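Please find below a short note on the model under discussion. The points proceed from the chain as a whole to its nonpolar cores.

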Amino acid sequence: CALPICKALEADKDCGGLMAYNYFSGEPVTGLNEGGRPMFLRTPDAKFTLANFMRTHLYSALAALKVGNDILLKQEQISVDSLMGHGGLFKTPVVGQQMLAAALNAPVTVMDTASEGGPWGMAILASYMLEKEAGEGLADYLEKKIFAGQTGTTIAPKAEDVAGFDAFLEKYVNTIPAQKAAVEGLK
């Protein structure tokens, strides 16, 4: 793949000392309840490469999701066996899928039509509520009516990617006060 986003696959697993916040509207799960400020940070000895820059932005896009999922997984004891991805993150094959698998430490399946945009998930849930048969669960509805006959690929998380994302997330959470300070300082 010659696209810049594909360079993310070559990056340091922890993003090499780079950090990004892409908040425009805040993220209550991270304690930022009002509009954020897009911000990019680096350590003095950061490995500022295109690969690390791309991975940093992908990881940052998934960081609040990871914080919320950690609440469900660790505090609420919810388990995740697998995920199905859909939307623009998956337009370039493998990249977003591998990053999401690392972030949530679960296999991610992406169907061949996954890069189609729009509020697809909400439409599917609405369709399920209107069309489900008596006693039909969401998993069965998806398997038999939505994804029947479609093909996709599944990527399992790699231990080194999960460890890298976890290292990135620890720094992400530790630097949220800088994001909060930017919001307060730029009011």
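1. Of the contacts in the protein chain with a separation of 6 or more, what percentage is accounted for by residues 24 or more positions apart? The share is 77%, where contact means heavy atoms within 4.5 Å.

2. The model is predicted: local features need pLDDT of at least 70, side-chain atom pairs count only at pLDDT 80 or more, and totals for chains, interfaces and linings use all residues. Residues are numbered from 1 along each chain as its sequence is written, and side-chain values use heavy atoms, with hydrogens and water left out.

3. The protein chain contains six helices and five strands, taken as DSSP runs (helices H or I, at least four residues; strands E, at least two) and numbered from the N terminus. Their order from the N terminus is β-β-α-β-α-β-α-α-β-α-α.

4. Buried residues (under 20% relative accessible area, 1.4 Å probe, protein chains only) form 39% of the 187 residues in the protein chain.

5. The largest nonpolar core, a set of buried Ala, Val, Leu, Ile, Met, Phe, Trp, Tyr and Cys residues joined through side-chain atoms within 4.5 Å, has 32 residues, of which Tyr21, Phe165 and Tyr172 touch the most other members. Elements giving two or more residues to this core include β1 (18-21), α1 (50-75) and α5 (159-174). The largest share, seven residues, comes from α2.

6. Leaving aside neighbours within four places in sequence, Phe165 is in contact with Lys13, Tyr59, Leu62, Ala63, Lys66, Ala102 and Ala103. Apart from the largest core lies another core of six residues, including Met111, Tyr141, Ile146 and Phe147.

Conventions:
Buried means under 20% relative accessible area, exposed over 50%, partly exposed in between (1.4 Å probe, protein chains only).
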